[in-house]
Amino acid sequence: MSSVFIVTGAARGIGAVVAIKLLQQDHQVIGIDLNSELNTWDIVQQLSPAQQQNFHAIAHDISQTNSLIEHIQQSPWADQPITGLVNAAGILEMGSLLDTTAAQWQHNLAVNFMGPALLSQWVAKQMMPHKTGAIVSISSNAALIPRMNMGLYATTKATVSHYFKNLALELAPHGIRCNLVLPGSTLTQMQKQLWTDEHPPRGIVEGNLEQYRSGIPLGKMAEPEDVANAILFLLSDQAQQITMHELVVDGGATLGV
């Protein structure tokens with residue numbers, strides 16, 4: 001039976017893979033992304049005609065929550081219950097905390113935390129009358145341990161993790177589950193923006209003592225599908241007794257912390 005899912009960051013990367021997997025299961029998907037050029041979205045170029053009928057794209061800034069909700073309310077499935085929400089949109093801005101400005105904090109918190117938090121609040125209220133639903137938010141394994149020059153990102157993701165565990169506690173009496181997936185280094189455009197060429201720095205997989213990185217014990221970076229599979233599991237009935245959980249998908253990089 002088809003259901004309605006909302007996926008942010010749906011144009012490419014992990015969000016796109018999640019949306020495609022949901023469409024392959026014959027669900028309706030509302031995909032949200034900042035990129036206003038819908039024809040350039042990776043996911044749009046991969047969908048079959050049948051899947052295109054079940055995909056509604058919204059080009060919008062996740063941090064502008066009120067107007068985003070208005071767009072969702074105008075979608076083809078606005079009168080149907082929302083089964084699940086995946087918060088996959090986010091930004092990564094590198095730099096020292098000693099140089100971070102108030103404007104940077106405000107922007108990163110708006111995109112990585114406030115947008116997902118307020119959207120989830122609204123979605124949860126739509127789910128409550130139906131006594132069912134699942135929300136999965138992408139945090140990061142950087143939320144678990146300090147990273148050199150990643151303090152801005154790590155702090156906003158740690159905020160995401162703690163917020164959604166608290167939200168899960170409040171939603172549990174309503175039958176709504178809230179979980180988190182914490183990826184490590186994953187082969188997405190966000191990760192590749194940190195590379196100096198087409199190959200990942202050796203220190204990511206092998207470790208870098210100068211940056212206090214332990215490396216990846218499994219010896220490889222994650223593919224977007226690896227993270228998407230974890231998200232789909234937490235959305236599914238197979239995880240119906242799981243809430244407030246942080247599922248780390250990092251090849252052992254955080255050593256089980």
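Two strands are said to pair if DSSP finds at least two bridges between them, where strands (E, at least two residues) and helices (H or I, at least four) are DSSP runs numbered from the N terminus. The model shown here is predicted, so that local features need pLDDT of at least 70 and side-chain atom pairs count only at pLDDT 80 or more, while totals for chains, interfaces and linings use all residues. Residues are numbered from 1 along each chain as its sequence is written, and side-chain values use heavy atoms, with hydrogens and water left out.

**View 1. Strand β6 and its partner strands.** Strand β5 (residues 133-138) runs parallel to β6 and is joined to it by 6 bridges, with S137 standing opposite L180 of β6. Strand β7 (residues 246-249) also pairs with β6 in the parallel sense, over 4 bridges, and here L180 stands opposite E246 of β7.

**View 2. The surroundings of strand β6.** Because 8 of the 8 residues of β6 (residues 176-183) are buried (under 20% relative accessible area, with a 1.4 Å probe and protein chains only), this strand is largely enclosed by the rest of the structure. Both of its faces are covered, with I176, C178, L180 and L182 buried on one side and R177, N179, V181 and P183 buried on the other.

**View 3. The crossing of helices α1 and α9.** The axes (lines fitted to C-alpha atoms over the stretch in contact) of α1 (residues 13-24) and α9 (residues 224-235) come within 9 Å and cross at roughly 50°. That angle makes α1 oblique to α9, a term for angles that are not under 35 degrees, over 145 or from 65 to 115.

Conventions:
Buried < 20%, exposed > 50% of the residue type's maximum accessible area, 1.4 Å probe, protein only. Axes fitted to C-alpha atoms, helices over the stretch in contact; angles between N-to-C directions.
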